[in-house]
Amino acid sequence: CCLLWVLAFAGAAALVIYFALGSWTVICFGDEGVACGFAARADFGAAYMPDGRVVVVAGRDSEQNFGDVWVGRAESGGFELLDASAPFGPRHGHSLLVSSAGLHLLGGDSAGVGNDTSRFLNDVWSSTDGATWVLQTA
């Protein structure tokens, strides 16, 4: 399937995504080679879909939470923005699961960046395509 790494060095972070199709293939590597498209981030959700897409959802950097959704494929290189401001809102530390029904985003923290106090969430959102999200519980 796939392996996701977030590397932190000298105050910067780079997301490295390797995708296995018989052998390992680099989809993107930060600012070198094929650009990922999205900002460097930590505490994000990532999932490998049955159709071969890799979906990256939300996360944070040292100053803010993200509420975006990106999709990439090994054969196309890089990632495409599906939603810059998804209805589940900016968050980090959530879980992202894949089932036969699609993607499921669970909980996380909508604050907790910098000096902000954490605001833990217990909501569940679902999507069949990564672009349209429906609140299942609040």
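A residue is called buried when its relative accessible area is under 20%, exposed when it is over 50%, and partly exposed in between. Arg60, at 26% relative accessibility, is therefore partly exposed. With that in hand, let us walk through the structure, keeping in mind that this is a predicted model.

**Confidence**

The chain has a mean pLDDT of 82, and 77% of its residues reach 70 or more. Please read the start of the chain with care: over residues 1-14 the pLDDT is below 50, although this stretch has 32 contacts in the model beyond near neighbours in sequence.

**An open sheet of four strands**

Strands of a sheet pair through backbone hydrogen bonds, either parallel or antiparallel. Here, 4 strands make up an open sheet, ordered S4-S5-S6-S7, with antiparallel pairing. Strand S4 (45-48) and strand S7 (79-83) are at the edges and have a single partner strand each, so one side of each is left without a neighbour in the sheet. From one strand to the next, the twist averages 25°.

Let us start at the S4 edge. The pairing of S4 with S5 is antiparallel and runs over 4 bridges, with Tyr48 standing opposite Val54 in S5. The two strands form a hairpin with 5 residues between them, and Gly52 in the turn has a positive phi of about 95°. Side chains along S4 alternate: Gly45 and Ala47 point to one face and are buried, while Ala46 and Tyr48 point to the other face and are not.

Further into the sheet, strand S5 (residues 54-60) pairs with strand S6 (residues 65-72), again in the antiparallel sense, over 6 bridges. In this pairing, Val55 stands opposite Val71 in S6.

**Salt bridges around the sheet**

Side chains of opposite charge can pair when their charged atoms come close. The count for this model comes to 5 salt bridges, including the three in this table.

| Pair | N to O distance |
|---|---|
| Asp68 and Arg41 | 2.8 Å |
| Arg60 and Asp43 | 2.7 Å |
| Asp51 and Arg53 | 2.8 Å |

What does the salt bridge between Asp68 and Arg41 tie together? Asp68 lies in strand S6 and Arg41 in the loop between strand S3 (23-29) and S4, so the pair joins parts that are 27 residues apart in sequence. Both Asp68 and Arg41 are buried.

The loop between S3 and S4 also holds Asp43, whereas its partner Arg60 lies in strand S5, so this pair ties together parts that are 17 residues apart in sequence. Asp43 has a relative accessible area of 36% and is partly exposed, and Arg60 is partly exposed as well, at 26%.

In the third pair, Asp51 is partly exposed at 42% relative accessibility, whereas Arg53 counts as buried at 14%. A network of salt bridges links Asp51, Arg53 and Arg73.

**A histidine in strand S9**

Is His104 buried or exposed? With a relative accessible area of 19%, His104 is buried, because the cut-off for that class is under 20%. His104 lies in strand S9 (residues 102-109), and its side chain makes a polar contact with the side chain of Ser99 at 2.7 Å. Leaving aside residues up to four places away in sequence, His104 touches Ser95, Leu96, Leu97, Ser99, Trp125 and Ser126.

Conventions. Residues numbered from 1 in each chain as written. Predicted model: local features only at pLDDT ≥ 70, side-chain atom pairs only at ≥ 80, totals over all residues. Heavy atoms only, no water. Pairing = 2+ DSSP bridges. Axes fitted to C-alpha atoms, helices over the stretch in contact; angles between N-to-C directions. pLDDT = per-residue confidence, 0-100. Contact = heavy atoms within 4.5 Å. Buried < 20%, exposed > 50% of the residue type's maximum accessible area, 1.4 Å probe, protein only. Polar contact = N/O pair within 3.5 Å; in protein donor to acceptor, adjacent residues only side chain to side chain. Salt bridge = Lys/Arg side-chain N within 4 Å of Asp/Glu carboxyl O.
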